[in-house]
Amino acid sequence: MTSVRDTSKKASFASALNYAATSRRADTVTPQDFKAAFRNHPGGVAVITADAGGGPVALTATSVSSVSADPPLLVFSISESSSSTPTIRQSQTVVVHLLSAEQLALAKLGSTSGIDRFADTSIWERLPTGEPHFPAVHAWIRGTIVEKVQAGNSFVVVVEALQANVPGPAGEVTDASESEPLVYHNRTWHKLGEHSRIE
């Protein structure tokens, strides 16, 4: 049951995004400058899958971010022009796959337009709850969509986690948990590891 407080928070969140998207000042930054500023800001890479009943979709995203641990909430944004957007907007649940460098091919698959991303049936399957997912990915989160807000030419999607598949028991270090994360920076794929540690 949604509380009055929860409803108020959602309304405030939506209002802030709508204001930011519609309020234009003469000195606002250009889209080109905005993209250039973020080009040097690295982002973790995820593949998001969903199926609203018309077949599975997948897209690669660098906008996934955790916003709360209790309740467990994450957000990501999707472009209005993405072919996967209509399905995600109609879906009740999604699966967010957090990629390591080993899954670079999967990241490229989700970011390539005009192809059938599920043609290779050996790399994906459905969870018992019906969502499509890629089992080779060590860490993934299945969640329910609790909010969708239009922001400019994109949609911000808020997801509450229902299930998390992690490399090992909490606190336990495994080979999977030590895998090198995949990062996107300045239009190029990178991996993090001991070689990139500076402190």
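These are legends for close-up views of one predicted model. In this predicted model, local features need pLDDT of at least 70 and side-chain atom pairs count only at pLDDT 80 or more, whereas totals for chains, interfaces and linings use all residues. Residues are numbered from 1 along each chain as its sequence is written, and side-chain values use heavy atoms, with hydrogens and water left out.

**View 1. The sheet S1-S11-S12, with helix H4 lying across S11 and S12**. Here we have an open sheet of 3 strands, paired antiparallel in the order S1-S11-S12. Helices (H or I, at least four residues) and strands (E, at least two) are DSSP runs, numbered from the N terminus, and two strands pair if DSSP finds at least two bridges between them. Strand S1 (43-44) and S12 sit at the edges with a single partner strand each, so one side of each has no neighbour in the sheet. Between S11 and S12 there are 4 bridges, and Val183 faces His190 of S12. H4 runs at about 155° to S12 (axes are lines fitted to C-alpha atoms, for helices over the stretch in contact, and angles run from 0 to 180 degrees between N-to-C directions).

**View 2. Gln103, in the loop that leads from S6 to H4**. Look for Gln103 between strand S6 (93-98) and helix H4 (104-111). With a relative accessible area of 7%, Gln103 is buried; that word means under 20%, while exposed means over 50% and partly exposed in between (1.4 Å probe, protein chains only). Skipping neighbours within four places in sequence, the contacts of Gln103 are Ala136 and Val137, where contact means heavy atoms within 4.5 Å.

**View 3. An aromatic cluster of Phe118, Trp124 and Phe134**. The whole structure has 4 aromatic pairs. Among them, Phe118 and Trp124 meet edge-to-face, with centres 4.9 Å apart and 80° between the planes. Rings of Phe, Tyr and Trp (its six-membered ring) pair if their centres lie within 6.5 Å; planes under 30 degrees apart count as stacked, over 60 as edge-to-face and the rest as tilted. Phe118 and Trp124 are both buried, and Phe134 joins them in one cluster.

**View 4. The salt bridge between Asp51 and Arg126**. This is one of 4 salt bridges in the structure, each being a side-chain nitrogen of Lys or Arg within 4 Å of a carboxyl oxygen of Asp or Glu. The closest N and O atoms of Asp51 and Arg126 are 2.8 Å apart. Asp51 belongs to the loop between strand S2 (46-50) and strand S3 (57-61), and Arg126 to strand S7 (residues 125-126), so this pair ties together parts 75 residues apart in sequence. Asp51 is partly exposed at 23% relative accessibility, and Arg126 is partly exposed at 39%.

**View 5. Two more salt bridges, Glu180 with Lys191 and Glu194 with Arg197**. Glu180 and Lys191 pair at 3.5 Å, N to O. Their link runs from the loop between strand S10 (154-165) and strand S11 (182-185) to strand S12 (residues 188-191), with the two residues 11 apart. Glu180 is partly exposed at 28% relative accessibility, as is Lys191 at 44%. For Glu194 and Arg197, the closest N and O atoms are 2.9 Å apart, and both residues are exposed.

**View 6. The S4-S5 hairpin**. Strand S4 (residues 65-69) and strand S5 (residues 72-79) pair antiparallel over 4 bridges. The hairpin gets from S4 to S5 through 2 residues, and Ala69 stands opposite Pro72 in S5.
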